[in-house]
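This report looks at how strands are arranged beside one another, how helices lie against them, and how one residue sits among its surroundings. Please keep the sequence and the structure in view while reading.

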Amino acid sequence: MARNVAGSDAAPDGGDTIQIGIAVDVPEPWGGQLTRRRISAGDPQAVPAHVTLLGPTEIPVRALPAVEEHLARVAATHLPFTLHLRGTGTFRPVTQVVFVAVAAGISECELLAAAINSAPELRRETRFPYHPHVTVAQDVPPEVLDKAYEDLADFSALFEVEAFTLFSHSGATRWLPRRDFRLGGAR
């Protein structure tokens, strides 16, 4: 399903910048299952299940058209691919995160993330190397992280990735999809 959300390019607070993020959505039925699992863990950052390609990044509002043009070029030069989510992993003790692991499609996600980050407007310092995954619990008590890790240890989902999505933060509310970018050759 293609999304192209019409709306103001103004920052939510009327400022000169906007927060964006780019991700691959996890489709149903798995997306809802993982999202509900994250919510049930009491994760204060629970958002719909996704694989991040570009984490929250603040850019000038005036750069948004150039960023969207860049994303369209990136999408056109990358083919659809199969993503296999399987089992769990954790970033503990460095960060308090449990995730569903990407078992296949890792290199495709890495290549997409690198291409996306090649735009001058999107280059930013990162604390850790890129590691594609689906967060299912973050910054919750250790026993809750342990339970999420155990409960989803046998999780498996296999699906085709035909697009990635540009999200923007709407200020006081939540991340909202702005536009889908179909990968080259996607139906």
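## The open sheet

In this predicted model, an open sheet is formed by 4 strands, which follow the order β5-β4-β3-β6 and pair in the antiparallel sense. The edges of the sheet are held by β5 (133–138) and β6 (156–161), and because each of them has a single partner strand, one side of each is left without a neighbour in the sheet. From one strand to the next, the twist averages 30 degrees.

Within this sheet, strand β3 (residues 81–90) pairs with strand β4 (residues 97–104) in the antiparallel sense, and the pairing runs over 5 bridges. As an example of how residues face one another across such a pairing, Thr90 stands opposite Val98 in β4.

## Helices across the sheet

Which strands does helix α1 lie across? Helix α1 (residues 30–40) lies across β3, β4, β5 and β6, and its direction makes an angle of about 25 degrees with that of β5. Helix α3 (residues 106–117), for its part, lies across β3 and β4, and it runs at about 100 degrees to β3.

## Gln138 in strand β5

Gln138 is found in strand β5, which is one of the two strands at the edges of the sheet. Is Gln138 buried or exposed? Its relative accessible area is 18%, and since buried means under 20%, Gln138 counts as buried.

The surroundings of Gln138 can be described through its contacts. When neighbours within four places in sequence are left aside, Gln138 is in contact with Arg38, Asp43, Pro44, Gln45, Gln96, Val97 and Leu145. With one of these residues, Arg38, there is also a polar contact of 3.3 Å that joins the two side chains.

## Strand β7 and its partners

Strand β7 (residues 163–169) is mostly covered, given that 6 of its 7 residues are buried. It pairs in the antiparallel sense with strand β1 (residues 17–25) over 4 bridges, and with strand β8 (residues 175–182), again in the antiparallel sense, over 7 bridges.

Ser168 gives a way to follow both pairings from a single residue of β7. The bridge partner of Ile20 in β7 is Ser168, and Ser168 also stands opposite Leu176 in β8. When looking at strands on the screen, it helps to remember that in a regular strand the side chains alternate between the two faces of the sheet.

Notes: Residues are numbered from 1 along each chain as its sequence is written. This is a predicted model: local features need pLDDT of at least 70, side-chain atom pairs count only at pLDDT 80 or more; totals for chains, interfaces and linings use all residues. Side-chain values use heavy atoms; hydrogens and water are left out. Buried means under 20% relative accessible area, exposed over 50%, partly exposed in between (1.4 Å probe, protein chains only). Two strands pair if DSSP finds at least two bridges between them. Axes are lines fitted to C-alpha atoms, for helices over the stretch in contact, and angles run from 0 to 180 degrees between N-to-C directions. Contact means heavy atoms within 4.5 Å. A polar contact is a pair of N or O atoms within 3.5 Å; within protein, one must be able to donate a hydrogen and the other to accept it, and residues adjacent in sequence count only if both atoms are side-chain atoms.
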